[in-house]
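Me: Please take me through this structure in questions and answers. Keep to what can be computed or looked up.

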Amino acid sequence: MRRSVETRVGTTFVLLMQLRVLVIGVTVLVDGQVRGDPWALCVLVLAVVVSGVVLAGWERVVLRLFEQPALLAFDVLIGYAVLQVGGIFGPYFLVTVVTAGLAGLLYRWPVTALLCAQQAVLYYAALYRNAPSDDGVIMPLLVLLPVFYGVAALVGTVLRRLFDEHAAAEETRWRMEAQAMAAEERTRLAREMHDSLTATLSGIALSANGLPGWVRKSPDRAEREARRIATAAQVATREARSLITELRDDSAGVPLGDAVRELAGEWEAGTGVPVRVDAEAGADLPAPARREMVTIVREALENVRRHADASRVDIVTAVIDGDLEVRVRDDGKGMPGRPDDPGWLDALARGGHYGLVGMHERARRAGGRLAVRSVPGGGTEVTASMPAAGPESEPARAALGSR
């Protein structure tokens, strides 16, 4: 959340600096007296150049200003020079008020008060050296002008407090949603453990109990049963590993593109097969669907490793007609059978190949669908589509902080 505060502070900082550049530029254009004074023109150009440099690198400048208030004191000196050459009243005074607003935005009150006091002292020095001759009416007004430094600093402080409070509210919302997601995930894993791993182990136990009888009655049937038990044990092992992997998985907390890139990087490092990831910027899913999608991609890559004999893999994520679509394509040897055959999935399940069956179930559970295209010798493409996330569906994840 500190990052969100810094972003809002940075945006306000940029707006104020742009206002300063605009005021100086417009004033110089309409003030013929300043344009005719080389010294004044140099000072104002210096102020514009400094402001432009700050705008160009505002992200680093804001962080420096957080750490070094003395840098803003240097800006106060530039403001004094502007008052000296341009006059203590009018738009040039507004240029110096911007600095007071920045002080209130960036610092606690002691530092802000010190900077405002520095501005007031330099203002009165400029007033002493540039006091107007007809001071009967205007002089009291000029004496009171530094009050606006305090007002600007107060406005900056109020803005910063609003930013901090908004960030705190975001953190609270994120923590509550994270707790709800964790509870939902525990429930889902418990359900999957009951439906998959427990059922498989129960089947193994039942078959193992009947095995001695088959050994006595029919050695051939006993051999087949033993092979089935061994296959079921392998399935149970894979299901247990899958559940353990999901327990360790933190993909629900990061954007989908980053999670896919991280997963692809780990897979490429482990297999030596290059993976190219093309993720559309901003394309994402709600957290529960994102976890299902990442698991589907992981399972697709695992299938490539075990069966495809591929030399490269491409992963593309994009939003198409309101759905987020992820395609995992390899150039391997393809799959046996016809994926478009209605009985294809059932045949895979009967053969103990539950990976694609589980991927279909995950896609349906997230409100999406999964399609497989494969050509013998021409590779395989797995496409999963789910309803894309809206702009407000994902909670902020950055850590909160306040000054």
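Reply: Two strands pair if DSSP finds at least two bridges between them. Helices (H or I, at least four residues) and strands (E, at least two) are DSSP runs, numbered from the N terminus. This is a predicted model, where local features need pLDDT of at least 70 and side-chain atom pairs count only at pLDDT 80 or more, while totals for chains, interfaces and linings use all residues. Residues are numbered from 1 along each chain as its sequence is written, and side-chain values use heavy atoms, with hydrogens and water left out.

Me: Which residue in β5 stands opposite Val372?
Reply: β4 and β5 pair in the antiparallel sense, over 6 bridges. They form a hairpin with 5 residues between them, and Gly377 in that turn has a positive phi of about 85 degrees. The residue opposite Val372 is Val382.

Me: Which side chains of β4 point to one face and are buried?
Reply: Buried means under 20% relative accessible area, exposed over 50% and partly exposed in between (1.4 Å probe, protein chains only). In a regular strand the side chains alternate between the two faces of the sheet. Along β4, Arg369, Ala371 and Arg373 point to one face and are not buried. The buried ones, on the other face, are Leu370, Val372 and Ser374.

Me: How many bridges join β2 to β3?
Reply: The two strands form a hairpin with 2 residues between them, and Asp321 in the turn has a positive phi of about 55 degrees. Ile320 stands opposite Asp323 in β3. The strands run antiparallel, and the number of bridges is 8.

Me: Which residue in β5 stands opposite Asp330?
Reply: β3 also pairs with β5, in the antiparallel sense over 8 bridges. Opposite Asp330 stands Thr380.

Me: Which element gives the largest share of the largest nonpolar core?
Reply: A nonpolar core is a set of buried Ala, Val, Leu, Ile, Met, Phe, Trp, Tyr and Cys residues joined through side-chain atoms within 4.5 Å. The largest one has 34 residues, and Val313 and Ile315 have the most contacts inside it. Elements giving two or more residues to this core include β2 (313–320), β3 (323–330), β4 (369–374) and β5 (380–387). The largest share, 9 residues, comes from α12.

Me: Which residues does Thr27 touch, leaving out those up to four places away in sequence?
Reply: Thr27 lies in helix α1 (residues 2–30). Its relative accessible area is 8%, so Thr27 is buried. Contact means heavy atoms within 4.5 Å. With that exclusion, Thr27 touches Pro91 and Tyr92.

Me: How far apart are the end C-alpha atoms of residues 106–125?
Reply: The unreviewed UniProt entry annotates this span as a transmembrane region, along with others including 38–58. UniProt positions are given in the numbering used here, feature names are shortened, and annotations may be inferred rather than shown by experiment. In the model, residues 106–125 are 90% helix and 0% strand, and the end C-alpha atoms lie 26 Å apart.

Me: What distance separates the C-alpha atoms of Ala208 and Arg228?
Reply: Ala208 is in helix α9 (residues 147–217). Its relative accessibility is 38%, so Ala208 counts as partly exposed. Arg228 is 20 residues from Ala208 along the chain, and their C-alpha atoms are separated by 9.9 Å.
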